[in-house]
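Got the viewer open? Let's take a walk through this model, one selection at a time.

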Amino acid sequence: NNNNNNNNNNNVEAFSSSHVNSPKRSTPPNESKHRKAAERRQREDERKEEEEEDAVKNALSKVSGFYEIGNVDIYRSIDACQKKVFKMSDFKTSLAEIGVYHGKSFLALVSLRKQNERCVAIDCFENQAEINRDESGVGDYEKFRKHAMKFCEATKEDSKFVWDGVVDSDTKMPNFINVISKDSTKLTKEADFNEDDDGPVRIFSIDGSHTVETTLRDLSFAADECLHEQGVVILDDCFNPDWPGCISGLAKYLDSSSRIVPFAIAYNKVYLCAPSLVETYQAHVARDRNVCVRKKASLFGHECLVCKHGWLHTFHGNDDTYS
């Protein structure tokens with residue numbers, strides 16, 4: 001028995017010694033990737049649960065159009081930067097979009113509205129044959145109007161913007177929306193934008209005709225004539241292969257002007273601001289837990305944050321039929 005006990009003790013010591021002295025098992029690279037992927041999926045599931053309670057995103061999801069809902073988080077981050085860092089809540093500004101289609105991306109802007117802030121919607125609407133030569137999107141005023149009314153009614157209790165429920169007798173829309181039914185290349189600051197009453201535009205979304213010439217003109221008008229000095233221009237469809245005119249128009253603009261430059265890419269849009277503000281906007285967006293920044297990359301020589309893309313909707317959106 002003593003011999004057996006000694007043998008057992010020796011075996012235990014040998015076993016313990018071999019495990020103490022053996023190198024620690026390293027985590028295989030694939031296992032680390034799987035763990036990170038699982039953690040990412042968990043975070044995305046948590047965000048989906050939050051979004052189910054998000055009145056703005058829920059209301060936007062009911063509006064027809066090609067706008068990626070994920071852009072709302074980028075919009076909110078830019079809005080927060082403007083209000084907290086640049087103190088834009090303290091003075092008069094406006095919001096604007098060229099090419100509202102049925103209103104989806106325009107209403108995302110509306111959700112950022114400050115009290116008494118004017119929102120300008122520009123589209124050729126029913127006058128498609130003469131103006132919308134590239135057929136990049138067939139606007140519909142009545143659909144836009146209905147979506148605007150439903151959206152504002154659905155979100156006025158939950159959103160930060162204030163609406164008193166007053167409807168304009170001419171447009172049959174909320175009275176803070178200024179509708180301009182016009183070819184965007186014919187816009188003038190004097191005739192169409194009342195800066196004295198409404199202030200400069202702090203966020204200007206461009207999603208109009210996708211030709212090189214119109215994109216260049218829309219960028220020039222928005223950035224060089226209407227934009228607040230600390231404002232942001234958002235250009236849509238820059239990476240959509242159906243519309244190479246957008247990225248080509250952007251390239252021409254950057255060759256001719258340095259007023260604004262790209263600072264972020266997200267969901268098929270390019271975000272631009274004054275060169276001196278790039279680091280401020282990038283830092284604010286990168287810190288936002290609701291925004292997924294994947295990496296940094298250069299676009300026409302300008303370092304940009306690269307966020308999520310939403311490629312599936314972007315590439316297949318033009319094949320879908322919207323009612």
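Start with the rings: select every Phe, Tyr and Trp side chain, and you can hunt down 11 aromatic pairs. Bear in mind that you are looking at a predicted model.

Now narrow the selection to F263 and Y281. How do their planes sit relative to each other, stacked or edge-to-face? They are stacked, with 5.2 Å from centre to centre and 20° between the planes. Those two numbers do the job because a pair of aromatic rings is described by the distance of the centres and the angle of the planes.

Colour by secondary structure and check where each partner lives. F263 belongs to strand β6, residues 261-266, while Y281 belongs to helix α12, residues 278-287. The two are 18 residues apart, and the pair links distant parts of the chain. Switch on a surface and try to find them: F263 is buried, at a relative accessible area of 1%, and Y281 is buried too, at 0%.

Next, widen the selection around that pair. Add Y67, Y75, F86 and Y271 to F263 and Y281, and you have a cluster linked by ring pairs.

One more ring is worth a stop, this time with a charge. Select R113 and F176: the charged end of R113 sits over the F176 ring, 3.9 Å from the ring's centre.

On to the cysteines. How many disulfides does the structure hold? The count is 0. Pick C273 and draw a distance to C81, which has the closest cysteine sulfur: you get 8.8 Å, so the two are too far apart for a bond. C273 itself is buried, with a relative accessible area of 0%.

Then jump to C307, which is in no disulfide either; its nearest cysteine sulfur belongs to C292 and lies 7.4 Å away. For a disulfide the sulfur atoms would have to be within 2.5 Å, so that gap rules one out. C307 is likewise buried, with a relative accessible area of 1%.

Finally, clear the selection and zoom out to the whole protein. In cartoon view there are 13 helices and 9 strands to trace. Colour by burial, and buried residues account for 48% of the 323 residues. Put the surface back on: about 16800 Å² is exposed, and carbon and sulfur atoms supply 46% of that.

If you like contact maps, make one as a last stop. Among contacts between residues at least 6 apart in sequence, 69% join residues at least 24 apart.

Methods:
Residues are numbered from 1 along each chain as its sequence is written. This is a predicted model: local features need pLDDT of at least 70, side-chain atom pairs count only at pLDDT 80 or more; totals for chains, interfaces and linings use all residues. Side-chain values use heavy atoms; hydrogens and water are left out. Helices (H or I, at least four residues) and strands (E, at least two) are DSSP runs, numbered from the N terminus. Buried means under 20% relative accessible area, exposed over 50%, partly exposed in between (1.4 Å probe, protein chains only). Contact means heavy atoms within 4.5 Å. Accessible areas come from the Shrake-Rupley method with a 1.4 Å probe; for residues, only the protein chains shown count as cover. Rings of Phe, Tyr and Trp (its six-membered ring) pair if their centres lie within 6.5 Å; planes under 30 degrees apart count as stacked, over 60 as edge-to-face and the rest as tilted. A charge sits over a ring if NZ of Lys or CZ of Arg is within 6 Å of the ring centre and within 35 degrees of the ring normal.
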